[in-house]
Amino acid sequence: SYTILLTMDNNHKEVIANLEEKGLIFRNPESPEIYPIYQIDRTLQKKDFAIELARIFGDEWEQLKPQYKQVLNAIFWHNEFSKPSEDISANSIGTFLYLNQHKDINDLGGYESFKRTIRNVVNQLESRGFIVRKDGKSKDEGGKPNFTINLKFKPHPSLFNQ
């Protein structure tokens, strides 16, 4: 559980009150009144959405390689918690995943190679219907590369579920 210490000066008072009102943070009941300590709602701390993604994709989720699952998890995370105006592209997901693993970019060649790999994974996920473009257009129709999880995903029939 993340705990944050916020000072109640004039610049932060309204922001803190707004976050409390929306249920995103709450005051730790054991904190002193003069220096309140706030905790972040557990929902905002969640980083693994495998259960939610398995519900959407069914058995096909289990068949995916780990890197494909990481990309889908990152897209789901951004769909849930980023600003609606933020684009979720292969480029942004590649940077996000790279920085989560490496913390900074020291090897530009490795970074670019990683992002090419992620771009290929995103292309595969889009062609297989796991993700779609938010504008509803395909790449061929000039759709903007801004992705979301395909909540209408239809699993491909297999010999085992016919």
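**Exercise 1. Classify the accessibility of Glu33 and of the residue that pairs with Glu33 in a salt bridge.**

Solution. Begin with the class limits: a residue is buried under 20% relative accessible area, exposed over 50% and partly exposed in between, with a 1.4 Å probe and protein chains only. Glu33 has a relative accessible area of 67%, so Glu33 is exposed. Next, take the rule for a salt bridge, which asks for a side-chain nitrogen of Lys or Arg within 4 Å of a carboxyl oxygen of Asp or Glu. The side chain of Glu33 meets that of Arg27 in such a bridge, with 3.4 Å from N to O, and Arg27, at a relative accessible area of 29%, is partly exposed.

Two remarks on the source apply throughout. The model is predicted, and local features need pLDDT of at least 70, side-chain atom pairs count only at pLDDT 80 or more, and totals for chains, interfaces and linings use all residues. Residues are numbered from 1 along each chain as its sequence is written, while side-chain values use heavy atoms, with hydrogens and water left out.

**Exercise 2. State how many salt bridges there are, and find one that ties together parts 57 residues apart in sequence.**

Solution. The count comes to four salt bridges. One of them joins Lys46 to Glu52, whose closest N and O atoms are 2.6 Å apart, and Lys46 is partly exposed at 32% relative accessible area. The one sought is formed by the side chains of Asp87 and Lys144, at 3.0 Å from N to O. To place it, note that helices (H or I, at least four residues) and strands (E, at least two) are DSSP runs numbered from the N terminus. Asp87 lies in the loop between H5 and H6, and Lys144 in the loop between S4 and S5, so the pair ties together parts that are 57 residues apart in sequence. Both ends fall in the intermediate class: Asp87 is partly exposed at 31%, and Lys144 counts as partly exposed at 45%. As a general point, side chains of opposite charge can pair when their charged atoms come close.

**Exercise 3. Describe the surroundings of Asn146, from its position in the chain to its contacts.**

Solution. Asn146 is placed in the loop between strand S4 (131–133) and strand S5 (147–149). With a relative accessible area of 8%, Asn146 is buried. Contact means heavy atoms within 4.5 Å, and, not counting residues up to four places away in sequence, Asn146 touches Glu86, Asp87, Ile88, Val132, Arg133 and Lys134. For Ile88 one can be more specific, since a polar atom of the Asn146 side chain lies 2.7 Å from the backbone nitrogen of Ile88.

**Exercise 4. Identify which residues of the largest nonpolar core touch the most other members, and which elements supply the core.**

Solution. A nonpolar core is a set of buried Ala, Val, Leu, Ile, Met, Phe, Trp, Tyr and Cys residues joined through side-chain atoms within 4.5 Å. The largest one has 28 residues, of which Val71 and Leu72 touch the most other members. Two or more residues each come from helix H3 (50–57), helix H5 (66–81), helix H6 (90–102), helix H7 (108–127) and S5; H5 gives the most, with seven. Leaving aside neighbours within four places in sequence, Val71 is in contact with Ile93, Leu97, Ile118, Val121, Val122 and Leu125.

**Exercise 5. Compare the geometry of the Phe49–Phe81 pair with that of the Tyr98–Tyr111 pair.**

Solution. Rings of Phe, Tyr and Trp (its six-membered ring) pair if their centres lie within 6.5 Å, and planes under 30 degrees apart count as stacked, over 60 as edge-to-face and the rest as tilted. The structure holds eight aromatic pairs. For Phe49 and Phe81 the ring centres are 6.2 Å apart and the planes stand at 40°, so the pair is tilted. The two residues are 32 apart, with Phe49 in the loop between helix H2 (42–45) and H3, and Phe81 in helix H5. Phe49 is buried at 4%, whereas Phe81, at 33%, counts as partly exposed. Turning to the tyrosines, Tyr98 and Tyr111 form an edge-to-face pair, 5.0 Å centre to centre with 70° between the planes. This pair links helix H6, which holds Tyr98, to helix H7, which holds Tyr111, across 13 residues. Tyr98 is buried at 5%, and Tyr111 is buried at 8%.

Key
A polar contact is a pair of N or O atoms within 3.5 Å; within protein, one must be able to donate a hydrogen and the other to accept it, and residues adjacent in sequence count only if both atoms are side-chain atoms.
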